[in-house]
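Welcome, and thank you for taking a look at this model. Let us walk through it together, one place at a time.

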Amino acid sequence: MSATPNDLLHESTTRLERLAADAEAGALDAAITVLVDALDSGGVLHAFGTGHSEAFAMEIAGRAGGLIPTNRFSLRDIVMHGDREVDVLTGSLEREPWVVDELMATVPVHEHDVFLIASNSGVNGSIVGTALWAKERGHRVIAVTSLAHTARVEPKHPSGKRLSEVADIVIDNLAPYGDATLEVADSVGAGAISSITAAFIAQLLTLGVARTIAARGETPPMYISANIPGGDDHNSVLEDRYRGRIRRGA
């Protein structure tokens, strides 16, 4: 039984190399086109994930080297921007479809906005419900999910659908069923991989959008680090163009 740091490195790099090769071959081009078209139309890219998949949304929205017209929303928003008390934020909330209407009432969504939704399992009620909410209102939805995992679990949304069955574009994060890539004891796994691959996918999409805009001779609306001289001023000027549409909370 093998479960060394080098084994985890191998599991990670093998998947990242495959994602990079697929991107070079054009596998992400359709998603990049949708994102660029949204920005060209004045839209914002909304990113959503629950549990560890919230890390994907954090990679998309509000970080150095990232696109400025991006907005990350989370289940906490029904407390931070809605009327719920903090005790509603239990670990099971992500499975509840009822939360979607309350959540989306807190999100500043406009006509040309696009949704990027990450979920390893792709079956929880809040995830599928949010994708359906967006689709029903004419928004494009890009999903990042584990096709190996989602095929083996039952949907928890009343529609009976998985995220991969709702989204316009589906990107496989290449995580195995159960997410863990290494066995450390009988039936005990470690080395979860979906956060690593999802973060890489987020950066591939960001890079693809930026390169596409730059190739037209335009300057992509990118963040620079707030921790270098001039960073705050640069970022604030561009953020002002999307005032009221992108949130940058603590």
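**A walk through the model**

Our starting point is the second largest pocket, whose lining is made up of Ala-20, Ala-23, Glu-24, Gly-26, Leu-28, Asp-29, Ile-32, Leu-204, Leu-207, Gly-208, Arg-211 and Thr-212. Please keep in mind that this is a predicted model. The volume of this second largest pocket is about 250 Å³. Why can one speak of such empty space at all? Rolling a probe the size of a water molecule over the atoms shows where empty space is left.

Which helices help to build the lining of the second largest pocket? At least two residues each come from helix H1 (5-24), helix H2 (29-40) and helix H9 (194-215). H9 gives the largest share of this lining, with five residues. Sorted by class, the residues lining the second largest pocket are six nonpolar, three polar and three charged.

From the pocket, let us turn to the salt bridges. The count for this model is 15 salt bridges. One of them is found where the side chains of Asp-113 and Arg-245 meet, at 2.8 Å from N to O. Asp-113 sits in the loop between helix H5 (99-104) and strand S3 (114-118), and Arg-245 in the segment after helix H10 (231-239), so this pair ties together parts that are 132 residues apart in sequence. Are these two partners buried or exposed? Asp-113 counts as buried because its relative accessibility is 2%, under the cut-off of 20%. Arg-245 is buried as well, its relative accessible area being 13%.

Another salt bridge brings together the side chains of Arg-140 and Asp-168, at 3.6 Å from N to O. This pair, too, links distant parts of the chain: Arg-140 belongs to the loop between helix H6 (125-136) and strand S4 (141-145), while Asp-168 belongs to the loop between helix H8 (163-166) and strand S5 (169-172), 28 residues apart. Here Arg-140 is partly exposed, with a relative accessible area of 39%. Asp-168 is also partly exposed, at 31%.

A further salt bridge joins Arg-216 and Glu-218, whose closest N and O atoms are 3.0 Å apart. Which residues form one network with this pair? Asp-40, Arg-216 and Glu-218 are joined into one network by salt bridges that share partners. Within this network, Arg-216 is partly exposed at 38% relative accessible area, and Glu-218 is partly exposed at 40%.

Next comes a pair of strands. Strand S6 (residues 180-185) and strand S7 (residues 188-192) run in the antiparallel sense and pair over four bridges. If you look for Leu-182, you will find its bridge partner in S7, namely Ala-190. The hairpin of S6 and S7 has two residues between the strands, and in this hairpin Ser-187 takes a positive phi near 65 degrees.

Our last stop is helix H10. Its buried residues are Gly-231, Asn-235 and Leu-238. Seen down the axis of H10, these buried residues fall within an arc of 65 degrees, so they line one face of the helix. A general rule helps in picturing this: an α-helix has 3.6 residues a turn, so residues three or four places apart point the same way. What lies on the face of H10 turned away from its buried side? That face carries the exposed residues Asp-233 and Val-237.

Terms used
Residues numbered from 1 in each chain as written. Predicted model: local features only at pLDDT ≥ 70, side-chain atom pairs only at ≥ 80, totals over all residues. Heavy atoms only, no water. 1 Å grid on protein atoms, 1.4 Å probe; cavity = no way out; pocket = protein on both sides within 12 Å on 5 of 7 lines; lining within 4 Å. Points joined across faces, edges and corners; volume = space filled by probe spheres on them. Nonpolar A, V, L, I, M, F, W, Y, C, P; charged D, E, K, R; others polar. Salt bridge = Lys/Arg side-chain N within 4 Å of Asp/Glu carboxyl O. Buried < 20%, exposed > 50% of the residue type's maximum accessible area, 1.4 Å probe, protein only. Pairing = 2+ DSSP bridges. Arc of directions from axis to C-beta.
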